[in-house]
Amino acid sequence: MTRSLLSTLLLFMLAVSTLTAQPYTVRGKVVDKQKNLALIGVHIKLTNLKDPEDTHIVPTDNDGNFRIDRLKTRSYRLEASYIGYAKFYLDIVIDKPECALGVIDLSESSVQMGEVVIHGRTPPAEQKGDTTEYNAAAFKMNKDASAEDLVTKMPGVTMENGTVKAQGEDVQQVLVDGRQFFGSDPTLALRNLPAEIIDRVQVFDKLSEQSQLTGFNDGQTTKTMNIVTRADRRQGQFGRFFGAVGNESKYNTSGSMNIFGGNTRLSVVALSNNVNQQNFSSQ
């Protein structure tokens, strides 16, 4: 085989490999069909028709847009769901680098019926104006679970590289009953607050202090998570302690103690280990 023929063959194989490994993307926008307004926080689910474990879930952003990357050339089923709207389904085939679905219309769902008594589960989330409110009782948790374990089970909330994201944005502040908790470190607050004391979790864009004082929205907002505690857990003390040892003299021990009463929020956190674990963000 000549050198030129060998070079041509190698270039061809490289091109085929590049095309095969090329990531694919699906994007679109969701709006209210009647009002033609963008819908924020719509639950977008994309499932491989041949492999249900190959599932991707994202929420729509403030403009109603969504984007799912790192897909393969497969057939998928797209599901768009939003509280108060009929679900939308669409089967698509990913066969090009970018699949633009355009605008997806969701119609409000309403059913007229006589007087009925409904027994059902607590709805996992509600949209109240600009605030998305999650009901903690709708998510099954272990008794020793933390607030971090709880919020990462909620639609649209993820943990990426130690950072909490809600509706595609970094959560920059965690409040407890509307007041600051562990300053401006969301990770520290979520990892040291027990899930069992939580009633609801609210996610919203908090206006800047200047906007709150003047009543004029200057466009400066902070993605904020407010944890509303159960009424029977707002007075008293609670905490958690953990210890473990292993081979090669490895150990890990930690504990936290919280005292809640009226306007008082006192928390003590201790952590010691030699396995490179921390209960706070790198910042």
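The following chat concerns a predicted model and its cores, sheet and aromatic rings.

Colleague: What are the ground rules for the values?
Modeller: Local features need pLDDT of at least 70 and side-chain atom pairs pLDDT 80 or more, while totals for chains, interfaces and linings use all residues. Numbering runs from 1 along each chain as its sequence is written, and side-chain values use heavy atoms, with hydrogens and water left out.

Colleague: How many residues has the largest nonpolar core?
Modeller: The largest nonpolar core has 26 residues. Such a core is a set of buried Ala, Val, Leu, Ile, Met, Phe, Trp, Tyr and Cys residues joined through side-chain atoms within 4.5 Å, where buried means under 20% relative accessible area with a 1.4 Å probe, protein chains only. Y134 and M154 are among those with the most contacts inside it.

Colleague: What is Y134 in contact with?
Modeller: Leaving aside neighbours within four places in sequence, the contacts of Y134 (heavy atoms within 4.5 Å) include F139, M154, V157 and V203.

Colleague: Turning to the open sheet, what is the strand order?
Modeller: Six strands (DSSP E runs of at least two residues, numbered from the N terminus) are ordered β8-β9-β15-β16-β13-β14, with mixed pairing. Two strands pair if DSSP finds at least two bridges between them.

Colleague: Which strands stand at the edges?
Modeller: β8 (125-128) and β14 (179-180) do; each has a single partner strand, so one side of each lacks a neighbour in the sheet.

Colleague: How many bridges join β15 to β16?
Modeller: Nine, and the two strands run antiparallel.

Colleague: Finally, are Y82 and Y85 buried or exposed?
Modeller: Both Y82 and Y85 are buried.

How values were computed. Buried < 20%, exposed > 50% of the residue type's maximum accessible area, 1.4 Å probe, protein only. Helix = DSSP H or I, 4+ residues; strand = E, 2+ residues; numbered from the N terminus.
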